Amino acid sequence: MRGRNILFGLSGSIAAFKAAGWVHSLVKEDARVNVVMTRSATRFITPLTLGALSGNQVFTDMFSEGEGEPMAHISLPREADVVLIAPATAQTIARLAHGLADDLLSTAVLAATVPVVICPAMNSNMLAHPATCRNIATLRQLGYQVVDPDSGLLACGDEGAGRLPEWDRVRETLLALFSDDDLAGEKVLITAGPTREALDPARYLTNRSSGKMGYALARTARRRGADVVLVSGPVQLDPPPDVELITVETAEEMLGAVLEQAADSSVIIKAAAVADFRPVNNHSHKIKKAEAGSQLELVPNRDILAELGNNRQDNQVLVGFAAESRNHEAEGQRKLRSKNVDLIVVNDILGEDTGFDVDTNQVTLISRDAVQQLELMSKEETANGILDRVVGLLPGE
Ligand code: PMT
């Protein structure tokens with residue numbers, strides 16, 4: 001979002017207070033936000049509040065001299081990278097669907113030549129009314145992106161569709177608009193997180209993976225137009241919006257899920273920290289101290305990546321990770337060959353800011369013909385760097 005200019009329109013719904021939080025989130029991500037409010041929106045939340053949150057002047061009326069910008073309806077959309085209207089009431093949706101220009105927001109939308117994202121929020125019956133449905137369909141025909149409302153308890157006490165969607169879903173919609181669509185048409189299978197190998201009903205073997213790297217890859221691949229399937233071990237992360245999530249626990253379950261999806265995946269990226277071993281027995285009752293010996297007998301799990309490498313589909317891009325504490329590049333080269341993959345992403349698990357359970361990473365990308373060191377950056381930016389290399393490995397690139 002850094003440096004992006006968002007023209008943020010609010011119309012008169014109780015959900016305007018939630019949208020105010022979105023303005024704050026955008027500013028925290030270094031976006032520049034100009035707010036335009038319809039007159040009815042000012043009945044729910046004040047321009048003063050939105051001005052404080054956005055750090056910019058708020059515009060409410062095309063003709064009010066006090067706002068010092070006589071041609072705001074032209075200058076605001078001209079400076080914008082995107083127009084986001086949230087909440088969008090039935091009235092504002094109707095205005096836009098019919099190309100009216102009787103207030104600053106609808107006029108600015110007509111003058112906009114950038115993408116327009118609309119988040120309807122209203123009572124379920126209003127949303128279901130044929131007129132509203134027709135107007136929303138018209139907006140889509142006009143090329144506007146409509147983010148479907150969520151369902152649940154509404155301010156009026158009804159249960160049903162009409163809630164403003166979660167910010168995470170809208171944020172992903174905006175980021176997708178700011179991303180290249182260079183993975184459009186690709187089915188990308190990503191694994192993330194640890195596995196858990198049970199010893200008894202109370203105990204299991206696992207590792208320090210939080211899933212952050214794999215989830216960042218899933219989000220960024222989705223933004224770049226891919227259809228994403230995410231096979232995830234147990235993590236504490238929100239599912240990425242518009243990504244098919246398959247949750248597993250053990251290495252064996254992950255193997256099954258991956259092999260099921262692999263056949264029609266054009267890209268497979270294995271960021272999960274899969275346990276190499278599991279206890280020889282998964283006891284049905286908790287092992288008592290008196291019974292427990294000092295040795296834990298383990299058996300190896302199947303190597304999912306190696307199996308994918310040995311049964312490669314034509315034109316499939318296969319990416320593995322290497323979690324190393326020493327001999328990083330040598331180990332990366334070894335895995336590249338032994339597992340027959342196209343790219344190995346090596347990361348140091350001893351670094352304070354790299355590897356397990358941190359928001360940043362610094363990786364070395366090893367393919368057969370190149371070794372590339374990426375800078376220390378966020379796992380989302382690292383994911384973009386990895387996906388840049390994946391795009392270069394796609395057939396026909
Ligand atoms: O999840 P985070 O907290 O963000 O941490 C990110 C990460 C450190 C987990 C990630 O960046 C990473 O390095 N993932 C791979 C961890 C791992 O298992 O590395 P490895 O060198 O042990 O395995 C090599 C490759 O084989 C990996 O792609 C792994 O998914 C795969 N593998 C390993 C064992 C196994 N039985 N089957 C596999 O497919």
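## Close-up views of salt bridges and a mixed sheet

**View 1. Asp 388 is partly exposed, with a relative accessible area of 46%.** In these terms, buried means under 20% relative accessible area, exposed over 50% and partly exposed in between, with a 1.4 Å probe and protein chains only. The model is predicted, so local features need pLDDT of at least 70 and side-chain atom pairs count only at pLDDT 80 or more, whereas totals for chains, interfaces and linings use all residues. Residues are numbered from 1 along each chain as its sequence is written, and side-chain values use heavy atoms, with hydrogens and water left out. Asp 388 and Arg 224 meet through their side chains in a salt bridge at 2.6 Å, N to O. This pair links distant parts of the chain, 164 residues apart, with Arg 224 in the loop between α9 (212-223) and β12 (227-232) and Asp 388 in helix α13 (residues 379-393). Arg 224 counts as buried because its relative accessibility is 4%.

**View 2. Glu 29 and Arg 171 form a side-chain salt bridge of 2.7 Å, N to O.** Glu 29 lies in the loop between α1 (16-28) and β2 (32-37), and Arg 171, 142 residues apart from Glu 29, belongs to helix α8 (residues 167-177). Glu 29 is partly exposed at 25% relative accessibility, while Arg 171, at 15%, is buried. A salt bridge here is a side-chain nitrogen of Lys or Arg within 4 Å of a carboxyl oxygen of Asp or Glu, and by this rule the count comes to 25.

**View 3. A salt bridge joins Arg 368 to Asp 342, with the closest N and O atoms 3.6 Å apart.** The residues sit 26 apart in sequence, Arg 368 in the loop between β20 (363-367) and β21 (370-373) and Asp 342 in the loop between α12 (328-338) and β18 (343-348). Arg 368 is exposed at 51% relative accessible area, whereas Asp 342, at 13%, is buried.

**View 4. An open sheet of eight strands with mixed pairing follows the order β13-β12-β9-β14-β17-β18-β20-β21.** Its edge strands, β13 (244-247) and β21, each pair on one side only. Helices (H or I, at least four residues) and strands (E, at least two) are DSSP runs numbered from the N terminus, and two strands pair if DSSP finds at least two bridges between them. Strand β17 (residues 317-324) runs parallel to β18, and six bridges join the two; Val 319 has Leu 343 as its bridge partner in β18.
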